[in-house]
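Subject: A structure for you to look at

Hi there,

Here is the structure I promised to pass on, with my notes below it. Have a look around first, then read on.

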Amino acid sequence: MVAENLQYLRENLANTCVRIGRDPQSVDLIAVSKTFPAERIEEALAAGLTDFGENYVQEMAEKRKQLDGRGIRWHCIGHLQSNKVKYIIDWVHLIHSVDSIALAEEVQKRSLKAGKRTDVLIEVNTSREATKFGVAPADAEELVRRVRAMPDIRVRGLMTIGPFTDDRGRSREAFRTLRTLFDGMNARTGEPMTVLSMGMTHDYTVALEEGATMLRIGTALFGPRSAA
Ligand SMILES: *Cc1c(COP(=O)(O)O)cnc(C)c1O
C-alpha cells in the first residue's frame, strides 16, 4: 500500500513541479512515520524512501533500534525538549524544530560532546496559532543569527507547520511568510540556507508553489493515523 501511495504522490509532485516550472529533483520527501510500526517503515524503505520523520524522541529511538543498519536518515520534526537532545544527538540527521536559544544551546553542547556538527532548521510559527511551537516571524532572524554563531551547529534552513485548514489562501500566506524570511536572511547574511521544510498531506501543493524544498508527508503515504 505504501508503494502505491508513493507512486501516486510522486506523480502528483511531478505534475505540480512541471506546472510551476520546478525540478522535481529539487524537492526532498520526508516520510512521516509517527504512530506507525517498524513494519510499515520497512515497506516504505522497500518502496525507495530513505528519510523518515518522527515527532517523539522515544518513539524515534525505538524504531531506530528496530531498524538498525537500514541506512535510514531520521528527522526530528516534533517539538523537542532540551532534556531529550542527548538521546538523539549521535544519529539524528536533521532537527527541524529548533525554536529557542535554550534548545540550540543544548544542541550545541551535546554536539560538541559527541564530536559532531548537527544540522538544524529553525521552526517559525507562521500562522501565529497559539497552540503551535516555533519562533515568531519577527524574532526569527535574530534566532538564526545567534544559532549560526554556534560552532557545532549548521543552520540549513527554516521549517513551518501550515495552518490546519483547507483554505489554500491561508496556507499560502503562512508559506509565503516563511519564504520571505528565508530570502531576506539569505540576501543579508553569508552562507545561504538551502532548506525550506513546509507542506504536509493537506497543503503540500501550495507549499511547493511557494518554494518548499522539503515536504513532510505522513497520511498520503501511510494512511490515516488512528487517534492516540
Ligand atoms: C504529523 C506531521 C506531519 C505529517 O502530517 P500529514 O498530514 O500526515 O502529512 C508533518 N509535519 C509535522 C511537524 C507533523 O507533526
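Of the protein's 228 residues, 53% count as buried; here, buried means under 20% relative accessible area, exposed means over 50%, and partly exposed is in between, using a 1.4 Å probe and protein chains only. Please keep in mind that this is a predicted model, in which local features need pLDDT of at least 70, side-chain atom pairs count only at pLDDT 80 or more, and totals for chains, interfaces and linings use all residues. Residues are numbered from 1 along each chain as its sequence is written, and side-chain values use heavy atoms, with hydrogens and water left out.

**The overall fold**

The protein has nine helices and eight strands, where helices (H or I, at least four residues) and strands (E, at least two) are DSSP runs numbered from the N terminus. Its radius of gyration is 17 Å, close to the 17 Å that the globule rule gives for 228 residues, so the protein is as compact as a globular protein of that length. That radius is taken over C-alpha atoms, and the globule rule is 2.2 Å times the number of residues to the power 0.38. Along the principal axes, the C-alpha atoms fill a box of roughly 45 × 40 × 30 Å.

Among contacts with a separation of 6 or more, 59% are between residues 24 or more positions apart; a contact means heavy atoms within 4.5 Å. The protein exposes about 11000 Å², and carbon and sulfur atoms supply 49% of it. Such areas come from the Shrake-Rupley method with a 1.4 Å probe, and for residues only the protein chains shown count as cover.

**Two pockets**

Which residues lie nearest the centre of the largest pocket? They are Lys 34, Asn 55, Ile 161, Phe 164 and Met 200, out of 23 that line the pocket. Its volume is about 570 Å³, and its lining divides into nine nonpolar, eight polar and six charged residues.

The second largest pocket holds about 420 Å³ of space. Its lining has 22 residues, with Val 27, Asp 28, Leu 29, Asp 51 and Arg 73 nearest the centre. By class, there are ten nonpolar, six polar and six charged residues in this lining. The elements α1 (2-20), β1 (28-32) and β3 (73-76) each supply at least two of its residues.

A few terms for this part. On a 1 Å grid over the protein atoms alone, a pocket is an open set of points with protein on both sides within 12 Å along at least five of seven lines, and lining residues have an atom within 4 Å of a point. Grid points are joined across faces, edges and corners, and a volume is the space filled by probe spheres set on the points. Ala, Val, Leu, Ile, Met, Phe, Trp, Tyr, Cys and Pro count as nonpolar, Asp, Glu, Lys and Arg as charged, and the others, Gly among them, as polar.

**Some residues to click on**

Start with His 75, in strand β3. Is His 75 buried or exposed? It counts as buried, because its relative accessibility is 1%. Leaving aside neighbours within four places in sequence, His 75 is in contact with ten residues' worth of company, including Ile 30, Asp 51, His 93, His 96 and Met 214. Ile 30 is 45 residues away from His 75 in sequence, yet their C-alpha atoms are 7.8 Å apart.Ala 38, in helix α2, is also buried, with a relative accessible area of 8%. Beyond its neighbours within four places in sequence, Ala 38 is in contact with Gln 66 and Leu 67. The C-alpha atoms of Ala 38 and Gln 66 are 6.9 Å apart, although 28 residues separate them in sequence.

Arg 64 is found in helix α3 (residues 57-66) and is partly exposed, at 29% relative accessible area. Apart from neighbours within four places in sequence, Arg 64 is in contact with Trp 74 and Trp 91.

Finally, look at Thr 35, in the loop between β1 and α2 (38-46). Its phi is near 75 degrees, a positive value in a residue other than glycine. Most residues other than glycine have a negative phi. Thr 35 is partly exposed, with a relative accessible area of 44%.

Enjoy exploring!

Best wishes

Methods
On a 1 Å grid over the protein atoms alone, a cavity is a set of points where a 1.4 Å probe fits but cannot get out, and a pocket is an open set with protein on both sides within 12 Å along at least five of seven lines; lining residues have an atom within 4 Å of a point.
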